[in-house]
Amino acid sequence: MNEIIAIYPGSFDPLTNGHVDIIQRGSRLFDRIVIAVLINVDKAPLFTVSERVEITREAFRGVANVEVDTFDGLLVAYARRRHASVIVRGLRAVSDFEYEMQMALMNRHLNADVETVFMMPAEPYTYVSSRLVKEVVALGGSVHGLVPESVELRLRDKKLARETLRA
Ligand code: PNS
């Protein structure tokens, strides 16, 4: 039987425990899950693509069916190149739904062979987003327990580096 390959695409700037939770669920459901970090030239990310790949590889080191890769261009074209039949997306709240539905239906329009599968993270992560994590850290708050430890340390380093530059 053919193995089912799923792509979990995103910005992951930075990886949160909500992402980790979805990846763990996906790795139990699919034969292989490829975390695909978007190379987005328009945005000004906090972490470089290489840093985001490194963080994600560190978090899933030793998990045989989880792979980390980067992509640009159309997601469905990348999925086709990777022989993936599933796109995984996390749904935290109703507010996520409209954007996610638009993307899922556009992707289906572009390639009907790829199915989007939505998964809900564990309840403690339903309010966690990369955007809020960055905001809280920038304003001096704690994100302990909401991101992997390595991300917490790197966020602290980035904040210190910025403060030193400003001083
Ligand atoms: O973590 P994010 O920022 O919500 O992820 C968004 C992502 C990477 C899934 C989305 O921007 C994307 O799929 N980009 C690739 C471009 C594309 O295929 N666009 C057309 C279909 S919607």
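In this predicted model, a residue counts as buried under 20% relative accessible area, exposed over 50%, and partly exposed in between.

Q: Is Glu51 buried, partly exposed or exposed?
A: The relative accessibility of Glu51 is 21%. Buried requires a value under 20%, and exposed one over 50%. Glu51 therefore counts as partly exposed.

Q: Which helices do Lys158 and Glu51 lie in, and how many residues apart in sequence are the parts that the pair ties together?
A: The side chains of Lys158 and Glu51 meet in a salt bridge, 3.1 Å from N to O. Lys158 belongs to helix H6 (residues 149–166) and Glu51 to helix H2 (residues 49–59). The pair therefore ties together parts whose separation in sequence is 107 residues.

Q: Which residue of the salt bridge between Asp96 and Arg92 is buried?
A: The closest N and O atoms of this pair are 3.0 Å apart. Arg92 has a relative accessible area of 33%, so Arg92 is partly exposed. For the other partner the value is 13%, under the 20% cut-off. The buried residue is Asp96.

Q: About how many helical turns separate Glu152 and Arg156?
A: Their side chains meet in a salt bridge at 3.5 Å, N to O. Glu152 is buried at 14% relative accessibility, whereas Arg156 is partly exposed at 45%. Both residues sit in helix H6, four residues apart, so the separation is about one helical turn.

Q: Which residues are joined into one network by salt bridges that share partners?
A: The structure holds 14 salt bridges. Some of these share partners, and the residues they link form one network. Its members are Arg32, Glu67, Asp69 and Arg82.

Q: Which residues touch the most other members of the largest nonpolar core?
A: This core has 31 residues. Strand S1 (5–10), helix H1 (17–29) and helix H5 (130–138) are among the elements that each supply at least two of them. The residues touching the most other members are Tyr8, Leu15, Ile23, Ile33, Ile35, Val88 and Leu155.

Q: Which residues is Leu155 in contact with, leaving aside its neighbours within four places in sequence?
A: Leu155 belongs to the largest nonpolar core. Helix H6 supplies at least two residues of that core. With the sequence neighbours left aside, the contacts of Leu155 are Leu46, Phe47, Val133, Val137 and Val143.

Q: How many residues does the second, separate core have?
A: Ile7, Phe71, Tyr78 and Ala84 are included in this second core. The core is separate, and its residue count is 11.

Note on methods
Residues numbered from 1 in each chain as written. Predicted model: local features only at pLDDT ≥ 70, side-chain atom pairs only at ≥ 80, totals over all residues. Heavy atoms only, no water. Salt bridge = Lys/Arg side-chain N within 4 Å of Asp/Glu carboxyl O. Buried < 20%, exposed > 50% of the residue type's maximum accessible area, 1.4 Å probe, protein only. Core = buried A, V, L, I, M, F, W, Y, C linked by side-chain atoms within 4.5 Å. Contact = heavy atoms within 4.5 Å.
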